[in-house]
Amino acid sequence: MPPKGSKKGSASAPKQTLVLDNGAYTLKAGLVPSTSANPSYDNCSVIPNCIARSARDKRTYVASELSNCKDFGELVFRRPVEKGFIVNWEAQKAIWEHEFLEASAGEGLRCNPKETNLLLTEKPNCPKELQKNCDEIVFEQFEFAAYYRCVGPTLNAWNTSSPSSLPQECLLIIDTSYSDTTILPVYSGQLLQSAVKRLNVGGKLLTNYLKELSSLRHYNMLEETYLLNEIKEAVSYVAPSTQQFCIDLERTWKGRLGDKRTLDSSIVLDYVLPDYEHSSHGYARPHDPAKSRMRRGLQPQQGPREDLLPLGNERFAVPELLFNPTDIGIQEAGLPEAIMQSLNSLPEALKVTMLANVLVIGGNSLIPGFMERLESELRTLVPAEYLLNISRADDPIKHTWLGAARFASHPDLLKHVLVKKTEYDENGSAWLARKFAGGGAK
Amino acid sequence: MPHVEVLPNATSAAAPGWHYVVDTGFDPSKVAINPKDRKRAAARGGPRTDNELSARQQTAIARRIAELERDNDPKQSIPIPSKSGIPKTPNARKIIQYQRQIKHWLDDEEAQLALLQQVPQPRAAHLRRVGTIPQALSEATPAPPGSATPILSGTPGEQIDPMFSIESSMPPPLDKAELEALLAVPPLSFAASHVAPPAPGGPPQRHFCDNCGYWGNIKCLKCGARVCGLECKDAHESTRCLKWT
Ligand SMILES: [Zn+2]
Ligand SMILES: [Zn+2]
C-alpha cells in the first residue's frame, strides 16, 4: 500500500519533465521544460545503463562513470534491464540516483523528483508485474510529482516535420535495438497491439555471437564483451543480398587442405587489439597475411607488440542474423518477412498506409548496408502496386527520446496523461496500471 | 523463449562416434560410415537412436541461443556502491531486493496465462473482464483538446480521414468499426509477441561450418554440427563437439 499523507498545496504543476528512454544498453535522458520549447537531439544525453566492475583496477563504474575507464579488459557488466524490461531495481535505482539526483548528475540532468514530472518509456509486451514494480518505485521511492509510462517507440508519432499537437496518422516503427528487434504499427500515436512482433535478434545477441566466433577461431575473448562490441561496431556490414552473401562467403574462405585459397583482402580485416596500456581502443586495417603469421608467436624483438584479430566472414555473417535468424537455429522469420507478418494481420487499407510510412530506429540500423538490404528484401515482399517508403531516423538512437520530448513540451497533451503522486497515493498501483493500459500516448 | 526445431534425422542406423555425413538434404542413402569409428562405437556399447540424437541437437541449439541472449551473468555479481539511498517504503524495499531474472518474470506470466486458460471462467468474471477493457482504454487514451479525431467515440457520419481515401484507392477503405476493434485489443503477452517461423516453401535453412563459418556440407553425427572439410572436422572435434549438450 502506498503511504498516505502527501503534502497539500503542491497543486501547481511542475515546470519540467524528465524524459527518460530507459534502454537496456543506454539511457536516453533530458529535462524538458513544460513550455513549448522545441527540443532537439542536443537536449538528449546518452548514458550507459550499467554498473561495471574491473577486476584489474578494482573499481566500480556507475553508468556515466564508464567514460573515465581506460582499461576495458575483463570488465564485467551488471545491467538492470533484461530483454528490454527493468528487472533489477537495486541497480536501476543506483543508476538513476547517480545520474539524476546526486551531485554526480550530468549537466542539465539533475532534478528534484518532487518538482519534476517523469515521462518513462518501456518496451512493448512488458509483463504486468514488472510494470507494477516500476510504478511503485517511481512514486514510493523516487516520489516524482507526476508520471506517465508508455511504449517508447509509439512516441515517434510526435516527430512530425512541423511542431504540432497532432501525432502522425500512420507509422510503422522498426526498432532494432540492443535487446531485440520489434515491429510496431502505430495509429495516431496509439499502438496496434495485436500486430506487434518481436524478433529475438538484437545488438546484444550480435555482440555475443561475434564473441563466441572469435573465441572459437582465434583467442579466448569470452570475458571481453566491451571490446567485442567495439569491434562489431567497427567492422560489421550487412551483405546487400543473399547472392552477395554467398559470394563474400567464398571470398573469405581459406579453402581445403591441398586447395588453399587467398583471402580477399578487400573484405578480410585485421583488427589491432588495444593493449590497455598504450591504447584504450583498437582499430581495423586491411588483412596482411605476413603480419598475421607473425601473430602466431613470431612477435618482433623490438617495438610494440601487436595482437591482431583477423575478421573475415564474421563481418557480415554476424549481422546476417537479423535477416536469417535460422542461420543459428532461431526459428523465427527474418526481419523483412517478420514485418509482413505484422502487416498481414491488419486491414489492407492500414497495411498500405503503414508501408508508405516505415521508420527505422535503434542502433543496429547504423550497420552499413542494413537499410539497403531491408528495403530491397521488403520490396520483393510488398505487392508491386503498393508504395514502399522506408527511412532511418537521423539519429536512430535518440529519435524515440526526441518524440517523447516533443510530446512532453505540449502542456495540454502532457496534462491529460500524467498521473499525480497524490492520485497514486489515493488510488494505488492497480488503479494506475489500468490508467496506463493501452500503451500509447494519445 | 526461442523456438527450436528438431532437425530431421539423417540416418536410421548410425553408430555413435565421429561419423560425418555429406548433407544433401537429409537423404539417409547418402550416409557415409567411417569404419575406423565403428570400433570406437562398439567399445562404447551400442548405437544411439536417432531420437536421442535429435533431442541432443535440440538441447544444444537451445542452450547456445540462451547463452547468446543472456543479459547478465548470475555468477558474476557486482555489489552496488554503498552510497545508494535507502528504501523509503517496505514495498519499495521488497522490489529493490528482488534478485530475480527476466526469465522468472516471464515464466510467471506464462503460468498465469495458462491458469486462466485452464480454469473455466465463471460467467460473471468473464463478463467483467470483457467490460473492463474498453473502460481501461478510454481512461488511458483521453483525447487531448485540439487533437484530431475521437477515435473511440465513433460519431455517426464522421468522415474517414482524407489520407486514407487517397491512399486506399486499391484496397477497400478502412472500416471504422474494424479500426476501433483493433485499437481496443489489449497488449499481447511477451511470449505471444514473437515472430513466427519462416513460411514453408521459402529457401531451405542454411548450414554453416561450425568452425570457420563457410558452408557446412558435412555433418557431425555425434553432435549434429556441420563442418566444411577435414581440417575443420579436426578443429571441431577438439573444441566444440558436444559442447552445448
Ligand atoms: Zn570450415
Ligand atoms: Zn560434433
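This is a guided tour of a predicted model, one selection at a time.

**Stop 1: strand S1 of chain A**

Select residues 16-22 of chain A, which form strand S1. Six of the seven residues in S1(A) are buried, so the strand is mostly covered. Now add residues 26-33, strand S2 of chain A. S1(A) and S2(A) run antiparallel and are joined by seven bridges. Three residues lie between the two strands, and together S1(A) and S2(A) form a hairpin. To see one pairing, pick Asn22(A): its bridge partner in S2(A) is Leu27(A).

Next add strand S9 of chain A, residues 117-122. S9(A) runs parallel to S1(A), with four bridges between them. Here Thr17(A) is the residue to pick, as it stands opposite Asn117(A). While the side chains are shown, recall a general rule: in a regular strand they alternate between the two faces of the sheet.

**Stop 2: a sheet of three strands**

Move to the open sheet in chain A with the strand order S18-S17-S19, where the pairing is antiparallel. Which strands stand at the edges? They are S18 (283-286) and S19 (308-311) of chain A. Each has a single partner strand, so one side of each is left without a neighbour in the sheet. From one strand to the next, the twist averages 30°.

Select S17(A), residues 269-272, together with S19(A): four bridges hold this antiparallel pair. One residue to click is Val272(A), whose bridge partner in S19(A) is Leu308(A). Then show helix H4 of chain A, residues 225-235, which packs on the sheet. H4(A) touches S17, S18 and S19 of chain A, and its direction makes about 140° with that of S17(A).

**Stop 3: helix H8 of chain A**

Select residues 335-344 of chain A, helix H8. Is this helix enclosed or open to the outside? Eight of its 10 residues are buried, so H8(A) is largely enclosed by the rest of the structure. Among the buried residues are Leu335(A), Ile339(A) and Leu343(A). To see what covers them, show strands S11 (170-176), S12 (181-187) and S14 (197-199) of chain A, along with helices H9 (348-355) and H10 of chain A. The buried residues of H8(A) pack against these elements.

**Stop 4: salt bridges**

Stay with H10(A), residues 370-381, and show the side chains of Arg373(A) and Glu377(A). They meet in a salt bridge, at 2.6 Å from N to O. The two residues are four apart in the helix, about one turn. In general, an α-helix has 3.6 residues a turn, so residues three or four places apart point the same way. Arg373(A) is buried, because its relative accessible area is 0% and the cut-off is under 20%.

Add Glu320(A), Asp327(A) and Arg206(B) to the selection: with Arg373(A) and Glu377(A), they are linked in a network of salt bridges.

Go to chain B and select Arg70(B). Its salt bridge with Glu67(B) has the closest N and O atoms 3.9 Å apart, and its salt bridge with Asp73(B) is 3.7 Å, N to O. Arg70(B) is partly exposed at 32%, as is Glu67(B) at 38%, whereas Asp73(B) counts as buried at 18%. Over all chains, the structure holds 34 salt bridges.

**Stop 5: a surface patch**

Finish with Val46(A), Leu366(A) and Ile397(A), which make a nonpolar surface patch of about 220 Å². Ile397(A) lies in the loop between strand S21 (390-392) and helix H11 (399-408) of chain A. With 32% relative accessibility, Ile397(A) counts as partly exposed.

Conventions: Residues numbered from 1 in each chain as written. Chains lettered and ligands numbered in written order. Predicted model: local features only at pLDDT ≥ 70, side-chain atom pairs only at ≥ 80, totals over all residues. Heavy atoms only, no water. Patch = residues over 30% accessible without salt bridge, like charges linked within 9 Å, V, L, I, M, F, W, Y side chains within 5 Å. Areas by Shrake-Rupley, 256 points an atom, 1.4 Å probe, with all protein chains shown as cover. Salt bridge = Lys/Arg side-chain N within 4 Å of Asp/Glu carboxyl O. Buried < 20%, exposed > 50% of the residue type's maximum accessible area, 1.4 Å probe, protein only. Pairing = 2+ DSSP bridges. Axes fitted to C-alpha atoms, helices over the stretch in contact; angles between N-to-C directions. Contact = heavy atoms within 4.5 Å.
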